[in-house]
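Reader: Could you take me closely through the aromatic rings of this model, and through how they relate to the chain around them? I would like one connected account rather than a list.

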Amino acid sequence: MAVDVSSSVASLFPATQGQLREGISQARAAGVSVSLGLGSSFFSEVRTLRPRHLKPMPNFSGDLLDESHTHGDVLIYLESDSVSGLEDAERRLLSVMPAWRRRWRIGGFRKENRMQEGKWLARNPFHFTEGFGNPDTEREVIDRAVVVPGQGEPAWAEGGSYQVIRIVRFATDLWDRDSVDEQERIIGRRREGRWLDGAPEEEQPNFAADPHGKTTPLDSHVRLAAPDRRNPPPMVRRSYSYDRGDGDSGLIFSCFQRDLVQGFETVQRRLEGESLAKYVLTTGGGYFFVPPPGDGWTEALLRS
């Protein structure tokens, strides 16, 4: 859920920021997990403190962004095993935030969500298991996703992470007309995760032995996204499926990285021209910065 402040951003400190903290406290009291992301517009009056890569999410090739479902001052991310718990948390949150208005909202789920060899996996609406490209150790998660000193970021942002949200509508009816073999060649993996050259999902595919793409097509999704699996993209994914009815279903793509340019943007530009493009359409989302744990970051902004 992304929310905007209804007054000027200058009034965020401390009045409406206090409402935001109270809203998060109320949501957590409902027993759900809550995380926060700050959009670039949050810093319109304190630009010197804005994380250096934070900006409105641009249109990439093939995007059709609906402005009413894109961006926002703040992203509030609620997660729970209980739908009623999520609804209760959202009511509590918004009830104590009168200076804020909800900009957009989307609910998601993770089908067949499970942990396997240190990685969280789930099946997306195209019937493929996702998550194999994520790291399997906490150290590597930190290396890919957490801002560290020396990156040129404001001191308050160290320990935080850049989050990208993309609401991607899937043309499932069109997709399901293709054979499973064709679908697997478009993705570049078997549905359960094995590579097309027969390598198990936990091993690295030998793309170098297939320079012309006879086994794994050169325009397949995974080959374009990560052409050298020994050097995977420096980001961590945590996506959800969604289904809003009337044929509007797809993926809430979410990823975290310490550097937007080296992470998501590099991968997204490599994907231009992929064979998957005719089956997907990005309609919303945004760039956000997840602050480091604790309240130190709020104190730093208040002192500005």
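Author: W156 and W297 are both buried in this predicted model. Their ring centres lie 6.3 Å apart with the planes at 40°, and the pair is therefore classed as tilted, since that angle falls between the limits of 30 degrees for stacked and 60 for edge-to-face. Because W156 sits in the loop between α3 (138-145) and β8 (161-170) while W297 belongs to helix α8 (residues 296-302), the pair ties together parts that are 141 residues apart in sequence. These two tryptophans also belong to a cluster, in which ring pairs link them with F42, F43, Y162 and F289.

The structure holds 14 aromatic pairs. Another of them joins F128 and W175, whose ring centres are 6.3 Å apart and whose planes meet at 70°, so this pair is edge-to-face. Here too distant parts of the chain are linked, with F128 in the loop between β6 and β7 and W175 in helix α4 (residues 172-175), 47 residues apart. F128 is buried, at a relative accessible area of 4%, and W175 is buried at 0%.

The loop between β6 (119-123) and β7 (129-130) also contains H127, a residue other than glycine whose phi is nevertheless positive, near 80°. Most residues other than glycine have a negative phi. H127 counts as partly exposed because its relative accessibility is 26%.

Rings also meet charged side chains: R238 lies over the face of W120, at 5.7 Å from the ring centre, and R110 lies over the face of Y240, at 5.8 Å from the ring centre.

Notes: Residues numbered from 1 in each chain as written. Heavy atoms only, no water. Helix = DSSP H or I, 4+ residues; strand = E, 2+ residues; numbered from the N terminus. Buried < 20%, exposed > 50% of the residue type's maximum accessible area, 1.4 Å probe, protein only. Phe/Tyr/Trp six-rings, centres within 6.5 Å; stacked < 30°, edge-to-face > 60°. Lys NZ or Arg CZ within 6 Å of the ring centre and 35° of its normal.
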